[in-house]
Amino acid sequence: MKHIQRVDYLRRLEGLVGTPDIKIITGIRRSGKSQLLKDFMDLLRSSDNKRNIISIDLLDLDNEELKDYRKLHSFIKDHLKEKEDNFLFIDEVQMCPKFELAVNSIHAKGNVDIYLTGSNAFLLSSDLATLFTGRFLEIKVFPFSFKEYLEYWDFSGNRDQMLDSYMLKGGLAGSFAYENEVDRVSYIRDVFETIVTRDLVQKYEIKDTDVLMHLAQYLMDNISNLSSPNRIGNILRETIPTANHVTIGRYCDYLCRAFVFYDIARYDIRGSKYLESLSKLYLADTGIRYAMLGTRNIDFGRAYENIVCIELLRRGYEIYVGMLYQKEVDFVAMRGDEKMYIQVSDDISSETTLERELAPLRRIKDNYPKFVIAKTGHPSYSIEGIRILNLADWLCDKETVVSKL
């Protein structure tokens, strides 16, 4: 299988060298966390071959005895070198019960740079503050971006032609190894079902797996739609009597913790405040949707909106669904003192559709940048100060809105 280096993530990790944080690599299963660690270790060695790199893969049978946290601690301590820069990499760290005791103890010594990855069922964002007493920093890894997808396939032609291929196949690179479409889809289905029926069930001791699976499929079929546990519960209860809003809310949270979905809350643009009721759940990778549900009822506009959402998160933005006078703006994206408003559409060639997308942006009275991102097939242009961007170009940074990670 072809391998490409994920330059943006490597650049970010390189910038964190020497900081006191425990670096935690998180992301949906099979998003490339382990390979990223390997590439980063190679980068460190190539830039300074005197660095002391301690690498432990707890899936490797050669490291079986290190699944005892005391032995793990002793092994690491014995391999530290006082007069050298020490780097510790542990992959699949959750295979060692109470691993946090060993890691925290090593971190307290202050002479080692620590990097960890693990199964999302056991190393969730919500658990990190509890596990680690020292400072930690979470680096969120997403499936391949559209730009990486093009690089993988050595594609240098018309990017618009590849956009729908990316939408349907997604960015889980492990699936690219399969030439047969049935095998490729089977791979993605296996990844998803492992997360839902094994990782989450084991982590949270879920009994009613039928509700969890039906919920996940419902959310996939309704990406970018406003929803709430009450609404979803009322719909699912027609076929699954045990589905109720409490269970639905809890299971939605579990799916988000495992990085399968991202819950995007609403933001009142006029009042500059966050709204608690209703939100949108976006899928980590659109390829999962089409592997699980097939290509029936394709809504390109909603799929493109999902792709833009994940790309904004990948680029380091905090994002919300904007609300203004009962009108919806697809995304309010913020980072530091930056803010921008974005509408996403499939085809804005008709005057009616274009006006529909422009209308909410025109009503916003502040001076932050406003964009319509659509599959235009044309270079960018402006209408009344609102920039119209071609989706494929924006995804490839040809129409730059933000800097890298």
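These exercises work through the sheet, a buried lysine and the nonpolar cores of a predicted model.

**Exercise 1. Lay out the sheet**

Task: Find the strand order of the open sheet of 9 strands, and say which strands stand at its edges.

Solution:
- Step 1. Trace the neighbours across the sheet. The order is β6-β8-β7-β9-β10-β11-β12-β14-β13. The pairing is mixed.
- Step 2. Look at the two ends. β6 (226–227) and β13 (381–383) each have a single partner strand, so one side of each lacks a neighbour in the sheet.
- Step 3. Add the helix. Helix α14 (residues 351–362) packs on the sheet and touches β9, β10, β11, β12, β13 and β14. The direction of α14 makes about 160 degrees with that of β11.

**Exercise 2. Compare pairing senses**

Task: For β9 with β10, β10 with β11, and β12 with β14, decide whether the pairing is parallel or antiparallel.

Solution:
- Step 1. Take β9 (residues 318–324) and β10 (residues 327–335). They pair in the antiparallel sense over 6 bridges. One bridge joins G322 to V329 in β10. The hairpin has 2 residues between its strands, and Y325 takes a positive phi near 50 degrees.
- Step 2. Move on to β10 and β11 (residues 338–345). This pair is antiparallel too, over 5 bridges. Here A333 has M340 of β11 as its bridge partner. Again 2 residues lie between the strands, and G336 in the turn has a positive phi of about 60 degrees.
- Step 3. Finish with β12 (residues 370–374) and β14 (residues 386–390). Their sense is parallel, over 4 bridges. V372 is bridged to I388 in β14.

**Exercise 3. Place a lysine**

Task: Is K280 buried or exposed, and which side chain makes a polar contact with the side chain of K280?

Solution:
- Step 1. Locate K280. This residue is found in strand β8 (residues 273–283).
- Step 2. Check accessibility. K280 counts as buried because its relative accessibility is 2%, and the cut-off is under 20%.
- Step 3. Find the polar partner. The side chain of E305 makes a polar contact of 3.2 Å with that of K280.
- Step 4. List other surroundings. Beyond four places in sequence, residues touching K280 include D263, E328 and D330, as well as Y262, I264 and V321.

**Exercise 4. Map the cores**

Task: Which residues touch the most other members of the largest nonpolar core?

Solution:
- Step 1. Pick the hubs. Among the 101 residues of this core, they are F146 and L312.
- Step 2. Find the top contributor. Helix α8 (residues 181–204) gives the most to this core, with 10 residues.
- Step 3. Follow L312. Outside four places in sequence, its contacts are Y317, I319, F331, A333, M340, I342 and W394.
- Step 4. Separate the second core. It has 24 residues, including I54, Y69, L72 and I106.

How values were computed:
Residues are numbered from 1 along each chain as its sequence is written. This is a predicted model: local features need pLDDT of at least 70, side-chain atom pairs count only at pLDDT 80 or more; totals for chains, interfaces and linings use all residues. Side-chain values use heavy atoms; hydrogens and water are left out. Two strands pair if DSSP finds at least two bridges between them. Buried means under 20% relative accessible area, exposed over 50%, partly exposed in between (1.4 Å probe, protein chains only). A polar contact is a pair of N or O atoms within 3.5 Å; within protein, one must be able to donate a hydrogen and the other to accept it, and residues adjacent in sequence count only if both atoms are side-chain atoms. Contact means heavy atoms within 4.5 Å. A nonpolar core is a set of buried Ala, Val, Leu, Ile, Met, Phe, Trp, Tyr and Cys residues joined through side-chain atoms within 4.5 Å. Axes are lines fitted to C-alpha atoms, for helices over the stretch in contact, and angles run from 0 to 180 degrees between N-to-C directions.
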